[in-house]
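This report covers strand pairing, an internal cavity and backbone geometry. The sequence and structure are shown first.

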Amino acid sequence: MKIHEFQAKVILAQHGVPIPKGFAVSTVKQAEKAARDLGSKAVVKAQIHAGGRGKGRLVANPNRTAAMYAKLEADPTAHEGRVKGSPVGGVRLVNTPAQAAAEARKILGRYLVSHQTGPQGRKVRRLLIEEQSAVTNEYYASVLIDNALGAPVMIASAEGGQAIEEIAERNPAAIIRLPIDPTQGFPPFRGRQLAKQLGMPKEATFQAGQLFAGLYGAFVATDALLAEINPCVLTQDNRVLALDAKVNLDDNAAFRQRYQDWRDLHEEDPMEIKAEQAGIGSYVKLDGNIGCMVNGAGLAMATLDTIMLAGGEPANFLDIGTVNRVERVVEALHIIHLDPAVKAILINIFGGMARADIIAEGIVQAHRKFRIKTPIVVRLAGSNIEQGRQILDESGINLIQADNLGLAAQKAAAAAAA
């Protein structure tokens, strides 16, 4: 689960990470007041769940976001936004409250398109009005889980302000990786050692040590998948600040975290929200046109791979799990049917504890209830398979059946391309 920059900074500040003074706002008047409270000079930052905001471009008409995205991808130098100068991006400097109001008026309600938003862009509904900082040096710092080590890792670089992937590609030696023993954590003294490795001045070492320790503390306390500060800056008065921050949270920890307080449904895919409301937790929207309904996460992943091998593109990941309720099958098919991108549906069920006859009954009821015109390819195997096939055969519905996954994927790809 992603959260906004202003929320990430609140979390970091709670763990001792110094952040610039700022206010999250959603109206022009609030932006003007925030700038006045900050002493007039401020930074106006669009808040969306995507990076590259400063280099992004704002579009008033949602029908033109794809064209702007194509320009950004084709010729970044000519079309990327800037904090200073023209064209202006989603992060802007202002010197008076009136300027803050004017810039807020230009940003709020528009669609910000960056390299990370995709062609659809993101509608800006919130801003972060923050004090300006006189920056002398920029650094990068993050904590994430290294799956190969099975442990958290602190990643840092003296080259901040840009994507870590760019740094790794251009200058791998500039990246410092410090594995963390969860039983020991990342105490401030290790943070001070890291600050020295990064070449920070002595005056900033103590502050940096607290910042790195706080970054790890926030990562652990919130069950995060990623806690990132980019850039972490040194100011002219030798302050160390988290100038920008990103925290991605693990949905699996929602039962013990107050994630609902941080969630912004406007930033999430509408199809995934509908699936959640229907009680289908394992749904992820993808970019293809073949809708998938599968029981079991492993089988679902194999189904996606097989579709790709057959020349198709999956439109979603949907795992209905071990379900023996007709209503759940109907709900799952309804969610897939609502996606306008879906040109064919592949149902791949290997019935162990799940019964093929119940799946079949759900398919029939959904088809009749929602008058589904999209071609449906069905592959059933396992428990009560004969009863399930009989239900499908006697339904009178024009379904495409297949005996194995490979053949089913081929038929689905052909149906979607027709």
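In this predicted model, strand β17 (residues 344-351) has 7 of its 8 residues buried, so the strand is largely enclosed by the rest of the structure. Strand β17 has pairing partners in β15 and in β18. Strand β15 (residues 290-294) runs parallel to β17 and is joined to it by 5 bridges. Within this pairing, C292 stands opposite L346 of β17. Strand β18 (residues 376-382) is likewise parallel to β17, with 7 bridges between them. Here F350 has A381 in β18 as its bridge partner. The connection from β17 to β18 passes through helix α12 (residues 356-370), and this β-α-β crossover is right-handed.

Two cysteines can be considered alongside this arrangement. C292 has a relative accessible area of 1% and is therefore buried, the cut-off being under 20%. C232 also has a relative accessible area of 1% and is buried. The structure holds 0 disulfides.

Strand β18 also takes part in enclosing internal space. The count comes to 1 cavity of 30 Å³ or more, and the largest cavity holds about 30 Å³ of space. Its lining consists of V378, R379, L380, R389, L392, Q401 and A402. Both β18 and α13 (385-394) supply at least two residues of this lining, and β18 gives the most, with 3 residues. By class, the lining has 4 nonpolar, 1 polar and 2 charged residues.

The backbone has several further features to report. Most residues other than glycine have a negative phi, and most peptide bonds are trans. The table lists departures from both tendencies.

| Site | Feature | Angle |
|---|---|---|
| S86 to P87 | cis peptide bond | omega near 0° |
| N230 to P231 | cis peptide bond | omega near 10° |
| D223 | positive phi | phi about 55° |
| R371 | positive phi | phi near 50° |

Of the prolines listed, P87 is found in the loop between α4 (76-79) and β4 (91-94), whereas P231 is placed in strand β11 (residues 224-235).

Are the two residues with positive phi buried or exposed? D223, in the loop between α8 (202-221) and β11, has 18% relative accessibility and counts as buried because the cut-off is under 20%. R371 lies in the loop between α12 and β18. At 67% relative accessibility, R371 counts as exposed, since the cut-off for that class is over 50%.

Definitions and conventions. Residues are numbered from 1 along each chain as its sequence is written. This is a predicted model: local features need pLDDT of at least 70, side-chain atom pairs count only at pLDDT 80 or more; totals for chains, interfaces and linings use all residues. Side-chain values use heavy atoms; hydrogens and water are left out. A disulfide is a pair of cysteine sulfur atoms within 2.5 Å. Buried means under 20% relative accessible area, exposed over 50%, partly exposed in between (1.4 Å probe, protein chains only). Helices (H or I, at least four residues) and strands (E, at least two) are DSSP runs, numbered from the N terminus. Two strands pair if DSSP finds at least two bridges between them. A crossover is right-handed if, with the strands pointing away from the viewer, the path from the first strand over the helix to the second runs clockwise. On a 1 Å grid over the protein atoms alone, a cavity is a set of points where a 1.4 Å probe fits but cannot get out, and a pocket is an open set with protein on both sides within 12 Å along at least five of seven lines; lining residues have an atom within 4 Å of a point. Grid points are joined across faces, edges and corners, and a volume is the space filled by probe spheres set on the points. Ala, Val, Leu, Ile, Met, Phe, Trp, Tyr, Cys and Pro count as nonpolar, Asp, Glu, Lys and Arg as charged, and the others, Gly among them, as polar.
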